[in-house]
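Ready for some practice in reading a protein structure? Keep the model open beside you and try each task before you look at its solution.

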Amino acid sequence: MLKDKKAYSSFSVNDTDKAFAFYKETLGLDISKGDMGILELHLSGNANGAIIYPKPNHEPATFTVLNFPVDDIETTVDWLISRGITFEQYDMEYIKTDEKGIARGEQGPEMAWFKDPAGNILAIQGK
């Protein structure tokens, strides 16, 4: 019954004005404002994108809410740093990041994580 339905992702923020500016100006993504303070994030290659909704008692997600595959993680990290992004630093058994915040482990693809203004975790993934 759900197999042929076009699903979409959603997550909350505590300030949609800050979120709108961050996703549009800092990350350079296509985003629009909808009814009731809801933001519509239009993601390349995904017809449905993601919904960002206001939540007064918002608590940041403790997991990655959006992943962006990139061709060159080094260049992308440098570009995001130049736009004011600070990357998360991890030193755990399965995730260890370098000084730039890139995990270069043998367990999977290169990854780097950062947060939006509401504290939600986003990631870029190298090839």
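## Exercise 1: A helix and its cover

At the N-terminal end of α2, D72 acts as a cap, with a side-chain oxygen 3.1 Å from the backbone nitrogen of E74. Bear in mind that this is a predicted model.

**Task.** Find which residues of helix α2 are buried, and work out why they are on the same side of α2.

**Solution.**
- Step 1. Go along α2, residues 73–82, and pick out the buried residues: I73, T76, V77 and L80.
- Step 2. Look at their directions around the axis: they cover an arc of only 100 degrees, and therefore they are on the same side of α2.
- Step 3. Ask what covers these buried residues: the cover includes β6 (102–103), β7 (111–115) and β8 (121–125).
- Step 4. Check the placement: α2 lies across β6, β7 and β8, and runs at about 140 degrees to β8.
- Step 5. Move past the helix: G84, which follows α2, has a positive phi, near 95 degrees.

## Exercise 2: Order in the sheet

**Task.** Determine in what order the four strands of the open sheet are arranged, and which strands stand at the edges.

**Solution.**
- Step 1. Recall the principle: strands of a sheet pair through backbone hydrogen bonds, either parallel or antiparallel.
- Step 2. Read off the order, which is β5-β8-β7-β6, with mixed pairing.
- Step 3. Find the edges: β5 and β6 each have a single partner strand, so one side of each has no neighbour in the sheet.
- Step 4. Take one pair as an example: β7 and β8 run antiparallel and are joined by five bridges. In this pair, F114 has L122 in β8 as its bridge partner.

## Exercise 3: A hairpin and a salt bridge

**Task.** Describe how β2 and β3 pair, then say with which residue D17 forms a salt bridge.

**Solution.**
- Step 1. Locate β2 at residues 30–33 and β3 at residues 39–42; they pair in the antiparallel sense over four bridges.
- Step 2. Follow the chain from one strand to the other: five residues separate them in this hairpin, and M36 in the turn has a positive phi of about 60 degrees.
- Step 3. Stop at K33, whose bridge partner in β3 is L39.
- Step 4. Turn to the side chain of K33: a salt bridge joins D17 and K33, with their closest N and O atoms 4.0 Å apart. This pair links distant parts of the chain, since D17 is in helix α1 (residues 16–26) and K33 in strand β2, 16 residues apart.
- Step 5. Compare accessibility: D17 is exposed, because its relative accessible area is 53%, and K33 is exposed at 54%; the cut-off for exposed is over 50%.

## Exercise 4: A histidine in a loop

**Task.** Decide whether H58 is buried or exposed, and find which residues H58 touches.

**Solution.**
- Step 1. Place H58 in the loop between β4 (50–54) and β5 (64–69).
- Step 2. Use the relative accessible area of 11%: H58 is buried, because buried means under 20%.
- Step 3. Look around H58: leaving out residues up to four places away in sequence, H58 touches S12, V13, N14, A118 and N120.
- Step 4. Pick out one of these neighbours, S12: a polar contact of 2.7 Å joins its side chain to that of H58.

Notes
Residues numbered from 1 in each chain as written. Predicted model: local features only at pLDDT ≥ 70, side-chain atom pairs only at ≥ 80, totals over all residues. Heavy atoms only, no water. Pairing = 2+ DSSP bridges. Helix = DSSP H or I, 4+ residues; strand = E, 2+ residues; numbered from the N terminus. Buried < 20%, exposed > 50% of the residue type's maximum accessible area, 1.4 Å probe, protein only. Arc of directions from axis to C-beta. Contact = heavy atoms within 4.5 Å. Polar contact = N/O pair within 3.5 Å; in protein donor to acceptor, adjacent residues only side chain to side chain. Axes fitted to C-alpha atoms, helices over the stretch in contact; angles between N-to-C directions.
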